[in-house]
Amino acid sequence: QTPMSRRLILLTYTGRKSGRSYTIPVSYVEQGDTLLIPGGGAWKINLEQGSLVRVRLRGSERSARPEAIKEINEVERLVAFMMAANPAVSRFIGVPREVDGRPNRERLEQAVRSGFAVVRLRLD
């Protein structure tokens, strides 16, 4: 397993308007049988219907059911977990870490208002 595969997966989803299949690399953090993805881009809108997506995780194809999490307290809890597991997450989402390791709440609230969400993928 390369260092890159410990931080990135390939996510394949269907565009809600175009019906086309898209594959993008996204960073992730494992939490039990789920993957957490910082969802800052417009691509996550295509996941909000909860339809199955495909994930290439450490060389194997899996299907997963996405859930976009936007509730600020849950986003804060999950982002803090993600930052602890992968400090680079802070840079991906543009939210600095406080001295206690938690994300800066004000910047996180701004990010959520601007469309940021944590995407939780439940692997099948």
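This passage describes the confidence, strand pairing, salt bridges and aromatic contact of a predicted protein model.

The model is a prediction, and the confidence attached to it, expressed as pLDDT, has a mean of 88 over the protein, with 94% of the residues reaching 70 or more. Among the elements of the protein, confidence is highest in helix α1, at a mean of 95, and lowest in helix α2 (residues 89–93), where the mean is 82. As a general caution, predicted coordinates should not be read in detail where pLDDT is low.

Strand β7, which covers residues 117–123, is paired with two strands that are described here in turn. Strand β4 (residues 34–39) runs antiparallel to β7 and is joined to it by six bridges, and within this pairing I37 has V119 of β7 as its bridge partner. Strand β6 (residues 60–69) is likewise antiparallel to β7, again over six bridges, and here R65 stands opposite R122 of β7. Six of the seven residues of β7 are buried, and the strand is therefore largely enclosed by the rest of the structure. In a regular strand, side chains alternate between the two faces of the sheet.

The structure contains 10 salt bridges in total, several of which can be placed in relation to the elements described above. One of them involves β7 directly, since the side chains of R120 and E74 meet with a nitrogen-to-oxygen distance of 3.2 Å. This pair links distant parts of the chain, as R120 belongs to strand β7 and E74 to helix α1 (residues 72–85), with their positions 46 residues apart in the count along the chain. The two partners differ in their surroundings: R120 counts as buried because its relative accessibility is 10%, which lies under the limit of 20%, whereas E74, with a relative accessible area of 22%, is partly exposed. Both residues also take part in a network of salt bridges, in which E67, E74, R77, R120 and R122 are linked. R122, the residue that stands opposite R65 in the strand pairing, is thus also a member of this network.

A further salt bridge is formed by E76 and R105, whose closest N and O atoms are 2.7 Å apart. E76 lies in helix α1 and R105 in helix α3 (residues 105–113), so that this pair ties together parts of the protein that are 29 residues apart in sequence. In this pair E76 counts as buried, at 12% relative accessibility, while R105 is partly exposed, with a relative accessible area of 28%. A salt bridge is also present between the side chains of E61 and R56, at a distance of 3.3 Å from N to O. Here E61 is partly exposed, with a relative accessible area of 43%, and R56 also counts as partly exposed, at 36%.

With regard to aromatic side chains, the count comes to one pair. The rings of Y13 and Y22 have centres that lie 5.6 Å apart and planes that meet at 25°, so the pair is classed as stacked, given that planes under 30 degrees apart are counted in this way. Y13 is buried, with a relative accessible area of 7%, whereas Y22, at 28% relative accessibility, counts as partly exposed.

Definitions and conventions. Residues are numbered from 1 along each chain as its sequence is written. This is a predicted model: local features need pLDDT of at least 70, side-chain atom pairs count only at pLDDT 80 or more; totals for chains, interfaces and linings use all residues. Side-chain values use heavy atoms; hydrogens and water are left out. A salt bridge is a side-chain nitrogen of Lys or Arg within 4 Å of a carboxyl oxygen of Asp or Glu. Buried means under 20% relative accessible area, exposed over 50%, partly exposed in between (1.4 Å probe, protein chains only). Helices (H or I, at least four residues) and strands (E, at least two) are DSSP runs, numbered from the N terminus. Rings of Phe, Tyr and Trp (its six-membered ring) pair if their centres lie within 6.5 Å; planes under 30 degrees apart count as stacked, over 60 as edge-to-face and the rest as tilted. pLDDT is the predictor's confidence in each residue, from 0 to 100. Two strands pair if DSSP finds at least two bridges between them.
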